[in-house]
Amino acid sequence: MHNKDKTCWNCPAALLKGNVEFRACGQSVSDIRSKISEEGLLIECARRPELGMFEPSITYDQCPEWRETEYGYLLKDMRIMILGIDGYLGWPLALKLAKLGCKVSGLDNYLRRKAVAEKGSKSVVPIADMETRLKTAKEVHGVDINFKEMDLLNRDELSKFLEETKPEAVIHYGEIPSAPYSMVDAEHAIKTQHNNTLGTLGVLFLIKEHCPEASLIKLGTMGEYGTPLTGRPIFEGLFPADAVISWQGQEWSMGGELTPRDPASFYHVSKVQDTFNVYEACKYWWLRSYDIMQGVIFGVHTAEVSAVEDLRTRLDVDEWFGTVINRFVSQAVLGIPLTVYGSGEQIRGYLALEDAMECMTRLIASPPEPGQYDVVNQLSQLYKVKELAEIVAKIGSQNHGLTVQIQRVENPRVEADEHPFLVVSKKLREDHGYDPKTPLEVEIDRMFSLLMKPEIRERLESIREAVFPQTWWNGNHKTSMTLEVYEPGTIEIEGYKPTLVTKTEAYETEPQDYQAGDET
Amino acid sequence: MEVSVRDFDSTVLNSEKPVLLEFWASWCPPCHAIKKMLKIIEAQEKEYLIATVNADRNMAIAQRYNVKGLPCFMVVKQGEVLHREVGAKSLKQIREIMDQYR
């Protein structure tokens, strides 16, 4: 078990009680305290108060409150709050955690359902209302989920909910997740940033007030980083210690500093603002957080949501909320040539829904240390957009008898058409025992099988217009013109190959091979 | 190795080898960046003892050494502090510091 040696120090049930002084970097102990205990820091266990005050040194495998699961040791009956529990990711995670024995609470104001409707679209996979979802979850999986309809910007209500549930982990999915939505006009941009940035800021204050020991697992995006044209590595949020900046013959370690962000829409900016707010809250108040730089999610399947129709999670394919693979599959079913923006050379990180849920579960099982702000790059593989179009086309034609073409359309976004991409994603694999499970092809095939069902195909037809890109970063609203239509298999996927670094390289463990500047 | 108020004197001050001592804290991102690197050094280093102290959990030691700012590195030889520096360091820089006192 990857987290068996972790101790009370990482446990949300450990209340920091004795010989504790919160300080920020650069302030000396002696400036703040005149009398220092000769003893170490002490805690009280919220779950085992009979232990009294003690040093935080009981390991998970020694503690009866932690039990083994396939995702590592997990706190028994762990109390988890999911913000945005009705969403594409929130709902599958709620079911997965509840099934694992966690006490899941959650809130949602159905903003996603309303915003998709505003686009004139709907979830292609029919989804039940929350009342039915909860009832079905109870019948099928035997789990109780504590749901409240609530806007997380309503701090009075959220405060009461947190006080009542005292979560040991807060999963923050309660944000507007769309770049194009934020680029529609001022109203949509402001709504996105208001909801996301100010919503998160309020959540941070409330966690501090009600459950400062809880880990905040906050969804960011790989899009926060942008695609630096120098080809320098996209580290996991913070520089490693052997990344150095050199200037005028001197060099300094960048270790632990936030890496540069270069967001690509007002939505991405809201996520970058969150990054700074969460980082600061950890520093000021000893909150603890994993900021998840997640790749683009695709797919429909987890064991829990696939159990019965009423438990299915939403699947959006419109230009605002549909992610690229989900949209390609729906276009293939509709007979629309797959819409590749611009050159199609854009490289992004991707992750199947099922794998994303596993990553989140593993992170929930291994909370950060008090005050620790950490960042993980959560993705399983890198692909060029035109490469994805080829894969979707191939599976659609070979396995499902569809005739699929690909079209290059004008790119409504402002983004680098061609760029290098060297991404580091080591922490989930090296520290949390994650190994990608769902191959791209398997999940795409699953999506075809679902979307080819007559009743779903019919729904897809009814929102046909919504799949075309119409929201331009320059403020225009018009359908992108087709630049070229081509048959799959007729172009070479060549040129630059991106690199995904998933494990610590040999040079990091063999100093004789190390040369400054070797870091890749 | 992680040391605490309980074993600091016996482990660090009475060490036969010179000690690369680092004070750190869980809320300090540069400290986490350093931690991974120190593990690598520790695995290979034969001449030095690598010791880390969580400053919050062992404030008495941090105060004794007047630690201001983290991560704080020291080279301690036979109980005496020969060198101290604050802030993240690259692998090369840490090796250079260590090499001065071999």
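Select α2 of chain B and colour Pro29(B), Pro30(B), Cys31(B), His32(B), Ala33(B), Ile34(B), Met37(B) and Leu38(B), which are buried. What you have open is a predicted model.

Keep α2(B) selected and add the elements that its buried residues pack against: β2 (19-24), β3 (49-54) and α4 of chain B, together with β17 (373-378) of chain A. Then check the length of the helix. With 16 residues at 1.5 Å a residue, α2(B) should span 22 Å, and its end C-alpha atoms are 24 Å apart, which agrees.

**The contact between the chains**

Next, show both chains. The contact takes 36 residues from chain A and 33 residues from chain B. On chain B, select α2 (29-44), α3 (59-64) and α4 (91-100), each of which supplies at least two residues of the side that touches chain A. Which of the elements gives the most to this side of chain B? It is α2(B), with 10 residues. Colour the side of chain B that touches chain A by class, and 17 nonpolar, 10 polar and six charged residues appear.

**Two domains of chain A**

Hide chain B. The domain assignment divides chain A into domain 1 (1-67) and domain 2 (77-506). The C-alpha centres of these two domains of chain A lie 34 Å apart. Where they meet, 12 residues of domain 1 of chain A are in contact with 16 residues of domain 2 of chain A. The side of domain 1 that touches domain 2 in chain A has eight nonpolar residues, three polar and one charged.

**A three-stranded sheet**

Now select β1 (14-18) and β3 (53-54) of chain A, and add strand β2 (residues 42-45) of chain A. They form an open sheet in the order β1-β2-β3 (chain A), with antiparallel pairing. β1(A) and β3(A) stand at the edges with a single partner strand each, so one side of each has no neighbour in the sheet. Zoom in on β1(A) and β2(A), which pair in the antiparallel sense over four bridges. To see one bridge, pick Leu16(A), whose partner in β2(A) is Ile43(A).

**The nonpolar cores**

Select Ile80(A), Ile82(A), Ala94(A), Ile171(A) and Val392(A): these have the most contacts inside the largest nonpolar core, which has 161 residues. Helix α10 (residues 353-365) of chain A gives the most to this core, with eight residues. Domain 1 and domain 2 of chain A each contribute at least three residues to this core.

Centre on Ala94(A). Leaving aside neighbours within four places in sequence, Ala94(A) is in contact with Ile82(A), Ile85(A), Val104(A), Gly106(A) and Ile145(A). Another core, of 14 residues, lies apart from the largest one; select Val184(A), Ala264(A), Val269(A) and Trp320(A), which are among its residues.

**Last stop: Met452(A)**

Finish at Met452(A), in the loop between α13 (440-451) and α14 (454-462) of chain A. How many C-beta neighbours does Met452(A) have inside 10 Å? There are 18, and Met452(A) therefore counts as partly exposed, since a buried residue needs 20 or more. Not counting residues up to four places away in sequence, Met452(A) touches Val333(A), His400(A) and Arg457(A). For a distance check, select Ser178(A) as well: Met452(A) and Ser178(A) are 274 residues apart in sequence, and their C-alpha atoms are 26 Å apart in space.

Definitions and conventions
Residues numbered from 1 in each chain as written. Chains lettered and ligands numbered in written order. Predicted model: local features only at pLDDT ≥ 70, side-chain atom pairs only at ≥ 80, totals over all residues. Contact = placed C-beta atoms within 7 Å. Nonpolar A, V, L, I, M, F, W, Y, C, P; charged D, E, K, R; others polar. Expected span 1.5 Å × (residues − 1). Buried ≥ 20, exposed ≤ 12 C-beta atoms within 10 Å, placed from the backbone. Core = buried A, V, L, I, M, F, W, Y, C linked by C-beta atoms within 7 Å. Domains from an automatic or database assignment. Pairing = 2+ DSSP bridges.
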